[in-house]
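Open the model in your viewer and keep the selection panel at hand. We will go stop by stop, with something to select at each one.

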Amino acid sequence: MPLFRCSTCNCVEDTALSNYWSARLQQAPTLCSACDPKIAKWHDEFPRQPSEGWQSDDHGILVWNKREVEDWLGQSIDIAAGASRRPQRSQSRSPETSEA
């Protein structure tokens, strides 16, 4: 179920429950079912929620939610990312010698 962010209210919406694809073809704003005047009603297939914390791809499709990933990890993404970082080793090079 591809999700996107509504251009008007910034809620999370499903592309199949709205006019997302026709709006994309017409290069028009992508609207949720509640904000789209042609539909003008939330579908109630899932609760209406804000898109805060969602990350999108280059086409505006929402790909993951920070809160859901953190719930799955059992910790903050920031903590997990910090723990996996390793200090870089300094690479010492011996001076090059030229043979004469």
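Select G74. This glycine follows α2 and has a positive phi, near 80°. Now go to the other end of that helix. N65 caps the N-terminal end of α2, which covers residues 66-73. Show the side chain: an oxygen of N65 lies 2.8 Å from the backbone nitrogen of R67. Keep in mind that this is a predicted model.

**Whole chain**

Switch to cartoon. You should find 3 helices and 4 strands. Along the sequence, the order is β-β-α-β-β-α-α. Colour by accessibility next. Of the 100 residues, 25% are buried. Among contacts with a separation of 6 or more, 41% join residues 24 or more positions apart.

**Core**

Select C6, C11, L31, C32, W42 and F46. These 6 residues form the largest nonpolar core. Which residues does L31 touch, leaving out those up to four places away in sequence? Its partners are F4, C6, S7, T8, S18, D36 and P37. One of them, C6, is also a member of the core.

**Pocket**

Stay on L31, which also lines the largest pocket. Add the rest of the lining: N19, S22, A23, Q26, A28, P29, D36 and K38. The pocket holds about 170 Å³ of space. How does its lining divide into nonpolar, polar and charged residues? The split is 4 nonpolar, 3 polar and 2 charged.

Pick A28 from that lining. It sits in the loop between α1 and β3. Is A28 buried, exposed or partly exposed? It counts as partly exposed because its relative accessible area is 32%, between the 20% and 50% cut-offs. Measure from A28 to S7, C-alpha to C-alpha. The two are 21 residues apart in sequence and 9.7 Å apart in space.

**Along the loop**

Select H43. It belongs to the loop between α1 (20-25) and β3 (54-56). Two polar partners are worth displaying. The side chain of H43 makes a polar contact with the side chain of E13, at 2.6 Å. A polar atom of the H43 side chain also lies 3.0 Å from the backbone nitrogen of E45. Beyond four places in sequence, H43 touches E13, L17 and S33.

Move on to S51, in the loop between α1 and β3. Is S51 buried or exposed? Its relative accessibility is 6%, so S51 counts as buried, the cut-off being under 20%. Show its side chain together with that of R5: the polar contact between them is 2.8 Å. Expand the selection to what S51 touches more than four places away in sequence, and you get R5, N10, C11 and V12. Of these, C11 is a member of the largest nonpolar core.

**Positive phi**

Two stops remain, both about backbone angles. Most residues other than glycine have a negative phi. Select A40: its phi is positive, near 55°. A40 lies in the loop between α1 and β3. It counts as exposed because its relative accessibility is 52%, and the cut-off is over 50%.

Finish at D44. This residue is not a glycine either, yet its phi is positive, about 65°. D44 also has its place in the loop between α1 and β3. With 61% relative accessibility, D44 counts as exposed.

Methods. Residues numbered from 1 in each chain as written. Predicted model: local features only at pLDDT ≥ 70, side-chain atom pairs only at ≥ 80, totals over all residues. Heavy atoms only, no water. Core = buried A, V, L, I, M, F, W, Y, C linked by side-chain atoms within 4.5 Å. Buried < 20%, exposed > 50% of the residue type's maximum accessible area, 1.4 Å probe, protein only. Contact = heavy atoms within 4.5 Å. 1 Å grid on protein atoms, 1.4 Å probe; cavity = no way out; pocket = protein on both sides within 12 Å on 5 of 7 lines; lining within 4 Å. Points joined across faces, edges and corners; volume = space filled by probe spheres on them. Nonpolar A, V, L, I, M, F, W, Y, C, P; charged D, E, K, R; others polar. Helix = DSSP H or I, 4+ residues; strand = E, 2+ residues; numbered from the N terminus. Polar contact = N/O pair within 3.5 Å; in protein donor to acceptor, adjacent residues only side chain to side chain.
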